[in-house]
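Thanks, everyone. I have one model to go through today, and I will take it region by region. Here it is.

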Amino acid sequence: MTIVKNLLFTLLLAACTTALYAQNKTITGSVVSAEDRSILPGVQVLEKGTENGTISNGNGVYMITVKPDAVLVFSFIGFRIKEVRVEEAANLDVFLETDVNTHWPLLNTGYGYTTSDESTLAAAKLNSNDFNQGNIYDPALLWQGKVAGLSIYHRGGNPNTESIMRIRGMASFDAQSIPLIVIDGVPMATLHNLDPQDIESITVLKDGAGASIYGMRGSNGIILINTKQGSTAGLAVTYRGEGAASTLLRKHPVLNASEHIAAGGNNLGFATDWQDEITRTGISDAHHLTISATNQNSSFRVATHVRHVDGILLNSGFDQVNTRVNVRHRAMDDRLRFDFNMAITNRKINYSSPEAFRYANTFLPSAPVTFPSGSYYQAILFDNYNPVALLEQNINLGKRRSINYHGKVDFDINDSFSATMQVAQQYENNFNGTYYSRNSFYIGQNRGGLAERYTDDRRFTLAEGFLTYARQLNHVGINIVAGFSYQQDRQESFGATLGDFPTDELGYNAIGYAADILSGQPNLINLFSTNSPLNKIRAGFIRARVNLNEAIVLSTSVRQENSNKLGEKGQDGLFPSAAVNINLLHYLPKLNFSLLNTRISYGVTGSIPSQPRLALDQFEYALANGGTVNKVRDANPELTWEKKGELDLGFDFSVGRFTGSLDLYQRTIKHVILERFVDPQLYPSGMRFENAGGLKGKGLEMMFSYFAGQWGGVTWNTTLVVSTNKTILDQYPEEKSLRGFLDSPGCGCATQLIRLAVGEKLGEFWGPVFESVAGNGAPLFKDTNGDGILVINPGQALDPLTDFISLGNAFPSWELGWSNQLTYRNWELNAFFRGALGHSLVNVLRLAHEPVDPGFINSYNLVQTEKALPDLSYGQYSSLYVEKASFLKLDNITIAYETKLKPELWLRTLRFFGTVQNAFVLTKYTGVDPEPVLIDRFPASPRAAPDPLAPGIDRNATYSPARTFTLGIMAGI
């Protein structure tokens, strides 16, 4: 902490000192409605003729540094655009008049900005007042459901798992592929070091033309994040505090003790609700302190965030402290600009054991939690453990520290040319320690206790420079950006697993004293160490945008890149794009629209593997038999980047109180990297990574926004986003194959659920159609091809004569989000609905534990849903267990009251708010969570390799979702 304090002191001192010598023109003020004098947060403030802009904060206050003769352009949906000349005033309060015909937000396009009416890209922008609200600690959940085409899912209520994000569907077979995150201009940034309260706005670049400026990292789309700056005039101190309570949203419908006994189960003399025993009301709190200041030349913002989060599963949660510092300074009449930001995050994690949810559904309800002696009850059963003992006897802890620094210098060479240089460094360390007790039946007992320790370090460095040329020549506006980029990253890790301890007292810290070390049996010891090469990406890029008389905007870009993650012959990539925006009102001026544009774009982007060394030989060393070395994968010097070409046709409009956009796109993805079997005569290991896959996708995205104006003092803004996407497997080593295993006792673990077939949609469930129940309780299936021969053996699933058919698809046909904001005087109500339609889930719990098997019920509990068949005594994968999981939920509802305080009071603002997350869910799915499963883990363990090609399998160990109630206060001085 001493180091951090010294750094903060140094930064603030530097900002204040340099401010004495620089001269600048900084304008501050507030923006309010001319009609009722209400504050207007999120107003775009742009220096006319430049890309220099900002937005008003939550109190309607803005700060911008401009040239002395500048003209400021203020724009906000529902109000007329207003231009104001700066002149001599340092404080400029602006009143906007109601007129819903104009709203041109400033869009971040990567290495520059433009306004939405001139944008040639499929892009969406959200300001902080558009974000989801409540006890949100994962930044991705701020914009969940808010952007058409951006899919974000966080199944269950586990606070220690991250959201899965995809833009326009799957673009790679790499499970670690996510949209490229760019924070304050730094690509490859991590959300681990960003508190949600520090985010000012995001811009999502969805099409190939927009993402091509980032080359090999652009295929999954781009999310550009701007953090909050010291935008309030003078000194401001803000505190925000909130407390939250999370409760179990939905229980699995398992039998209680009396029902289980009546069905033929053993009577052990107790009545235990295991779902109640392993869950709790998770109490969380968060405290945010922000100090910011601005003078004529400099500004700074320092924010510290302290979070304590309890999950609804016993022992799960984390404690986190995050500090972010943003400093800005202007010199030489604003020709020279310095930006520096730094962030540090420390998180202590208790992962607990989410597997407890699995056993809470299956453990005998008449069993006690403990014996009279206090020891935990445990019967000797296959894969069925006391879930409370699992949580209380074992330890699963972690730590994560993230640090990043970023410095940027901008210099205006003359009125047309400017130069930018930036450097950044990011560091992250992860530690995990797990210990299974000597008394734990789950894992530890058969090893005399088992300890695992793991740590990794990740470092990332970036250096970029670019020149910008911007000039207006009569009726032609020109903007050209050209530059270079260099980045490098490296990761190293170490892990050890050993067992046999004399006591549990030291937990995983006793790993060095494990008796395994002295056993002389190396197969009991698992040690590993990795150190990746220095992964480098070198790039040069240029982008040109020409505005012809505000009628046609043309844009083109090219990026040339080289990455040593790929094979020696496949490291170079070229990523071009071209786009046009046509202002139809220039040619049809009599139309009663304020905006009517059409966009056409095409861009090439790439993707490189998240893991290093995939193009190199891989060897495995085994301790057994005196030590042996075996080649397990052959090198591929021709391994190259995955290539995506994307065509986008878009329309943007604004008429009356409506604004909207529509995008149609088509994409082709080639050279997809995957590990495959190869001829061992040519490649001795029989395995290597190749560019052997391909995908095709198409989709539709729509956004409609309506500003209802004011009636009786009430204002209403509403926005609906809707999207659909279809992804086809275009190339794969096998024409047809199966994916995704079951993982529950008695249900056929060798059965595979997903069919991959070239020319068909991804995520197709493949199996027999359930028809009825036989007299002996076995399921009967339909002869789907009508040939009189029933072929339902899983081993014959791909046989042309099989009676397997498609049972559904794991991906939603439609996704939607509906935002509503109502204000009345000092009151504000936000309600956000989110839904996904058309997807299915395999309910593994029903398959394994719904049929009433007389031999099974003595050892395991049963689940009884509305789909249960009382005569069925044997579960087999079929259409019976593939359920439609469409849902609509009130994802977030917030009511807030903000006082209007007198300017002379020391307290500027006071706001009270309450939020309910996951207020209700409408669905016919019988499981606890109808949200799509985009990635599978088999076996159901955090350590299992994730598989994006086996989506839609709802495993038994799903962490149950929570409903969260939040109360908070925000005060500013």
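Asn843 has Asp954 as its bridge partner in β51. This is a predicted model, so please hear everything that follows in that light. The strand I start from is β45, residues 840-843, and two bridges join β45 to β51, the two running parallel. They belong to an open sheet of three strands, ordered β46-β45-β51, with mixed pairing. The edges of that sheet are β46, at 882-884, and β51, at 953-954, each of which pairs on one side only.

There is another open sheet of three strands, in the order β4-β1-β7, and its pairing is mixed too. Here the edge strands are β4, residues 61-65, and β7, residues 94-96, each with pairing on one side only. From one strand to the next the twist averages 30°. Between β1, which covers residues 26-33, and β7 there are three bridges, and these two strands run parallel. For a specific pair to look at, take Val32, which stands opposite Phe95 in β7.

Now a helix. Is α5, residues 355-362, largely enclosed or largely open? Enclosed: eight of its eight residues are buried, so the rest of the structure largely surrounds α5. Buried here means under 20% relative accessible area. The buried residues of α5 include the charged-type names you might look for on the screen, Glu355 and Arg358, along with Phe357 and Tyr359. And what covers them? The cover includes α4 (274-278), α6 (387-393) and α8 (844-849).

Next, the surface. A nonpolar patch there is formed by Leu235, Tyr239, Leu289, Ile291, Phe912 and Ile969, with about 510 Å² of accessible area together. Two elements give two or more residues to this patch: β17, at 234-248, and β18. Phe912, one of the patch residues, sits in strand β48, residues 909-923. Its relative accessibility is 38%, so Phe912 counts as partly exposed.

Last, back to β18, which spans residues 282-294 and contains Thr290. Is Thr290 buried or exposed? Thr290 is buried, because its relative accessible area is 12%, and the cut-off for buried is under 20%. Which residues does Thr290 touch, once neighbours within four places in sequence are left aside? The contacts of Thr290 are Ala236, Val237 and Thr238, plus Arg301, Val302 and Ala303.

That is the tour. I am happy to go back to any of these regions on the screen.

Notes
Residues are numbered from 1 along each chain as its sequence is written. This is a predicted model: local features need pLDDT of at least 70, side-chain atom pairs count only at pLDDT 80 or more; totals for chains, interfaces and linings use all residues. Side-chain values use heavy atoms; hydrogens and water are left out. Helices (H or I, at least four residues) and strands (E, at least two) are DSSP runs, numbered from the N terminus. Buried means under 20% relative accessible area, exposed over 50%, partly exposed in between (1.4 Å probe, protein chains only). Contact means heavy atoms within 4.5 Å. Patches are made of residues with over 30% relative accessible area and no salt bridge: like charges are joined within 9 Å, nonpolar side chains (Val, Leu, Ile, Met, Phe, Trp, Tyr) within 5 Å. Accessible areas come from the Shrake-Rupley method with a 1.4 Å probe; for residues, only the protein chains shown count as cover. A salt bridge is a side-chain nitrogen of Lys or Arg within 4 Å of a carboxyl oxygen of Asp or Glu. Two strands pair if DSSP finds at least two bridges between them. Axes are lines fitted to C-alpha atoms, for helices over the stretch in contact, and angles run from 0 to 180 degrees between N-to-C directions.
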